[in-house]
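Me: I'd like to learn how to read a structure like this one. Could you take me through it?

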Amino acid sequence: MSVVTAIVVVRNGERELPATLEALAAQSRRPDALVIIDCASRDSSPEIARAVGPTDFVRVEHRLSFGDAVATVARSLPAPAPGDAYWLLPHDAAPEPGALAALLAELETSPSVGVVGPKLVRADNPDYVVEFGLTTSRFGTTVAIVHDELDQGQHDDMSDVLAVAPAGMLVR
């Protein structure tokens, strides 16, 4: 069984962060560790984050991109063992209760796969898919597979995409 570290990147997320933290606590397969990085929030986000008792809390006094924030945290963590994974989440992504279990199952049954990602739906109307992955055209242009489309399960059997959204990706 893989060890999963959830990394939550926060910037002024006091409105959305509580729902994301509640969703993490409600996972059927909970992360083994929770690391929260606050990127210069000017609201109550740091207090909200600390209140859940994360494994580690990192605060930086300047704005970082999502990728730079994840890299900052990853450099401070012990080297992961083979098969371990990072679950990357922004403060406004509240995953469904079975999300981590489903992502981890895909990662564990596909040894050559290094990254898996979820189907992202609108928070205000989960019947609409916001993003499902990226591919390229025959000319090399990046193309979203789905964007703001009514979800009728039409893409649920798709497994291979060129890239996934950073929100919710599970990285081996």
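Reply: Sure, we'll go through the sheet, the cores, two helices and a few single residues. This is a predicted model, where local features need pLDDT of at least 70 and side-chain atom pairs count only at pLDDT 80 or more, while totals for chains, interfaces and linings use all residues. Residues are numbered from 1 along each chain as its sequence is written, and side-chain values use heavy atoms, with hydrogens and water left out.

Me: Let's start with the sheet. In what order do the six strands come?

Reply: Strands of a sheet pair through backbone hydrogen bonds, either parallel or antiparallel. Strands (E, at least two residues) and helices (H or I, at least four) are DSSP runs, numbered from the N terminus, and two strands pair if DSSP finds at least two bridges between them. Here the order is β3-β2-β1-β4-β11-β5, in an open sheet with mixed pairing. At the edges sit β3 (56-60) and β5 (115-116), each pairing on one side only.

Me: Which strand does β5 pair with, and in which sense?

Reply: β5 pairs with β11 (residues 170-171), antiparallel, over two bridges. Look for Val-116, whose bridge partner in β11 is Leu-170. For another antiparallel pair, find β6 (residues 120-121) and β7 (residues 128-131), also with two bridges. Val-121 stands opposite Val-129 there, and a hairpin of six residues joins β6 to β7.

Me: How do I read a core?

Reply: In soluble globular proteins, nonpolar side chains tend to be buried together. Buried means under 20% relative accessible area, exposed over 50%, and partly exposed in between (1.4 Å probe, protein chains only). A nonpolar core is a set of buried Ala, Val, Leu, Ile, Met, Phe, Trp, Tyr and Cys residues joined through side-chain atoms within 4.5 Å. The largest one here has 22 residues, and Val-4, Val-8, Leu-24, Leu-34, Ile-36, Trp-87 and Leu-170 have the most contacts inside it. Its largest share, five residues, comes from α4. A second, separate core of 16 residues includes Ile-7, Ile-37, Ala-69 and Tyr-86.

Me: Why do the buried residues of α4 lie on the same side of the helix?

Reply: An α-helix has 3.6 residues a turn, so residues three or four places apart point the same way. In α4 (99-109), the buried ones are Ala-99, Leu-100, Leu-103, Leu-104 and Leu-107. They're on the same side because they cover an arc of only 115 degrees around the axis (taken from the directions from the helix axis to the C-beta atoms). These residues pack against β1, β4, β5 and β11.

Me: And which residues are buried in α3?

Reply: In α3 (residues 66-76), they are Ala-69, Val-70 and Val-73. They fall within an arc of 95 degrees, so they line one face of the helix. Their packing partners are β1, β2 and β4.

Me: What about single residues: is Cys-39 buried or exposed?

Reply: Cys-39, in strand β2, is buried, with a relative accessible area of 0%. Contact means heavy atoms within 4.5 Å. Setting aside neighbours within four places in sequence, Cys-39 is in contact with Val-9, Val-10, Arg-11, Val-60, His-62, Leu-64 and Ala-69. Cys-39 and Arg-63 are 24 residues apart in sequence, and their C-alpha atoms are 5.2 Å apart in space.

Me: Where is Thr-5 found?

Reply: Thr-5 is in strand β1 (residues 4-10). Thr-5 is buried too, at 11% relative accessible area. Beyond its neighbours within four places in sequence, its contacts include Ala-33, Leu-77 and Trp-87.
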